[in-house]
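Here's a quick briefing to read with the model open. It covers a helix pair and a few backbone oddities in loops.

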Amino acid sequence: MTSFGVIRRLVAMIGRPSLSARRDAASAIAIELANVALGVSAPVLLKLAVDALTAGTGPLGLIVLYVAGFVIAWTATNAMTALKYTFTIRIIDKLARRIALDTVRAQLPTLARKREGDSARLQGVLERLPFSLQIVIDGLLWRMAPLIAQTLISLAIVGALAPPSYVAMMGAALGLYIIATGHGAGRFQEAARTAHEAAACQAQTVGDILRNARRVVFNGNLAAERDRIDEALVARRAANEAVSQLIAATATFQSAVLAAGLSVLLILGTADVSAGRLTVGDFVLLQAYAFRLALPLGGFGYVIRQAGVSIANISEALELGGGIPDKHLLPASERAGPAAIELDDIGFRYGEEWVLRDASAYIAPGAFVVMVGPNGSGKSTLAQIIAGIIAPEEGAVSIDGRPLREIEPDERHWLVLYAPQSIGLFNRTLRENALYPPTQVAEAELASLLDEWRFYESGRPIDLDLAVGEQGARLSGGQMQKLELARLAGVSAPVVILDETTSALDRTSEARAIRTLKERYRDRTTLILITHRVALAPEADVVLFLENGGLEAGRHETLLRECPGYERFCSLGA
Ligand SMILES: Nc1ncnc2c1ncn2[C@@H]1O[C@H](COP(=O)(O)OP(=O)(O)OP(=O)(O)O)[C@@H](O)[C@H]1O
């Protein structure tokens with residue numbers, strides 16, 4: 001998105017009634033208009049006071065009045081600028097909130113469905129967003145319009161009071177300043193983008209390492225990972241240095257133009273006052289306008305230089321959050337009861353490699369299905385195809401006769417709940433994790449299930465207020481799975497797929513947990529369990545066996561008789 005495109009999007013968002021920022025924007029604009037009027041009239045009052053003093057004609061009371069007016073106008077401008085800031089902050093907060101929510105809402109499904117989603121990068125973009133908006137809204141957008149208005153009015157007044165050469169000279173200085181700034185900003189945009197990329201890369205690297213702290217430390221790789229972070233920091237510093245050099249070059253040129261313009265103005269003015277072509281009051285007025293414009297221009301130039309990085313950041317956030325329709329995320333569905341699943345000649349490949357080919361099976365509503373097969377045989381892939389998370393390249397999946405591809409993604413998740421292989425617990429309490437929607441398990445039921453499944457080997461009481469730590473670090477692998485299974489016991493989706501959710505349980509706990517789930521799911525849910533243990537296969541209504549890209553489906557005894565691969569798999573004691 002171009003810089004102009006970003007600013008246009010922001011302005012359009014501020015204007016949208018749903019953001020409720022119109023009144024804040026109107027208040028800020030009204031204050032700014034009053035500020036421009038005061039900023040332009042204050043030097044005129046000063047000029048009148050100086051003229052009256054130097055001519056020695058005006059009554060003292062009037063001179064005091066002019067000076068008092070000047071002081072009040074000058075003070076009021078600064079006070080109102082502070083007041084305007086409160087409205088600006090409100091607008092920035094509202095924009096940041098809206099963009100962050102849109103971005104999270106648009107990106108969470110991408111992160112969930114694609115394994116290659118980059119959460120650290122997204123986090124970095126969102127963290128920098130309020131500061132970036134501050135630079136662009138307060139620094140750039142807000143100052144540009146008043147500055148242009150003030151410049152034009154000042155030039156008009158100078159033109160009316162002083163010889164045309166002054167307007168020409170001030171205009172030329174401003175023109176040169178704009179050219180220098182525009183030239184710098186163009187080159188800056190590219191450097192800013194590189195700096196932004198480097199910042200995102202650093203956030204990704206640090207986030208990844210922090211999340212894997214245990215892997216790093218327990219494998220003795222602290223020094224190596226520290227070096228990796230250092231590499232990212234060095235790359236970021238190099239990118240920032242390139243930006244700083246451009247800033248320094250542009251700032252030098254901008255300042256030189258302003259300083260030269262001011263010097264010429266002061267020399268010309270002094271000469272004209274000496275020659276009697278200008279009054280001292282006119283000279284004071286010119287000087288006041290010149291400094292009044294030069295100071296904000298200096299600040300404005302700085303902001304323009306900073307704005308490149310901020311615009312790149314906002315642009316990324318807007319692109320990440322764009323294009324999602326405004327609708328409910330989870331449609332309420334009338335659907336109830338277990339669903340039938342039909343796999344019709346499914347084929348799927350990652351890149352060139354086919355993982356599944358011609359996979360067909362029928363699963364009756366309410367069946368208990370066990371899916372087995374060697375590592376990498378495609379069990380998780382098939383599970384995600386059934387859940388509609390990834391689409392098959394060949395063939396089709398139907399749920400109760402409805403082709404999955406014709407069902408909206410949000411509804412698919414409601415129809416088929418897929419519990420992924422790695423359980424990601426929130427850093428919240430046991431209770432919050434176990435009662436996480438869409439479960440309807442009651443707290444008392446939850447405690448009794450966990451108790452029955454021996455959550456604590458010692459049988460000690462379960463503290464549901466226990467904070468589980470990052471990624472459930474305070475729980476054992478089996479406890480995490482018991483917690484997840486207790487939550488799933490209260491889910492009433494038409495299909496539930498457990499992707500090795502019992503892998504860390506001992507045999508007795510696994511058998512108990514699956515028995516409970518089967519009892520609870522009777523007449524309400526079709527249950528598919530992916531497992532490496534065939535112990536539960538004899539109990540299954542259907543066994544799905546995957547090997548070498550093929551799928552065999554049938555009862556355990558039938559497969560043992562008719563499928564040599566399955567027979568071998570079972571005999572190896574899987
Ligand atoms: N996102 C991906 N990109 C590329 N290849 C992938 C991706 N996900 C899985 N694969 C590959 O597809 C094959 C099947 O993976 P899948 O996870 O479905 O197997 P699995 O039977 O569930 O394995 P396991 O028993 O080890 O959990 C593997 O070779 C794996 O490397």
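**Loop spots and a helix pair**

D523 is exposed, as 10 other C-beta atoms lie within 10 Å (12 or fewer count as exposed, 20 or more as buried, in between as partly exposed, with C-beta atoms placed from the backbone). Keep in mind that this is a predicted model, where local features need pLDDT of at least 70, side-chain atom pairs count only at pLDDT 80 or more, and totals for chains, interfaces and linings use all residues. Residues are numbered from 1 along each chain as its sequence is written.

**Backbone oddities**

- D523 has a positive phi near 65° despite not being glycine, and sits in the loop between α14 (507-521) and β8 (526-530). (Helices are DSSP runs of H or I with at least four residues, strands are runs of E with at least two, and both are numbered from the N terminus.)
- Q471, another non-glycine residue, has a positive phi near 55°; look for Q471 in the loop between α12 and α13 (477-489).
- Q471 counts as partly exposed, with 16 C-beta neighbours inside 10 Å.
- P437 and P438 are joined by a cis peptide bond, omega about 10°, and P438 is in the loop between α11 (430-434) and α12 (443-452).

**The α2/α4 pair**

- The axes of α2 (residues 22-55) and α4 (residues 119-161) come within 10 Å and cross at roughly 30°, so the two helices are roughly parallel (angles under 35 degrees).
- From α2, E32, N35, V36, G39 and V40 meet P146, A149, Q150, I153, S154 and I157 of α4 (C-beta atoms within 7 Å).

Definitions and conventions
Axes are lines fitted to C-alpha atoms, for helices over the stretch in contact, and angles run from 0 to 180 degrees between N-to-C directions. Angles under 35 degrees count as roughly parallel, over 145 as roughly antiparallel, 65 to 115 as roughly perpendicular and the rest as oblique. Two residues are in contact if their C-beta atoms, placed from the backbone, lie within 7 Å.
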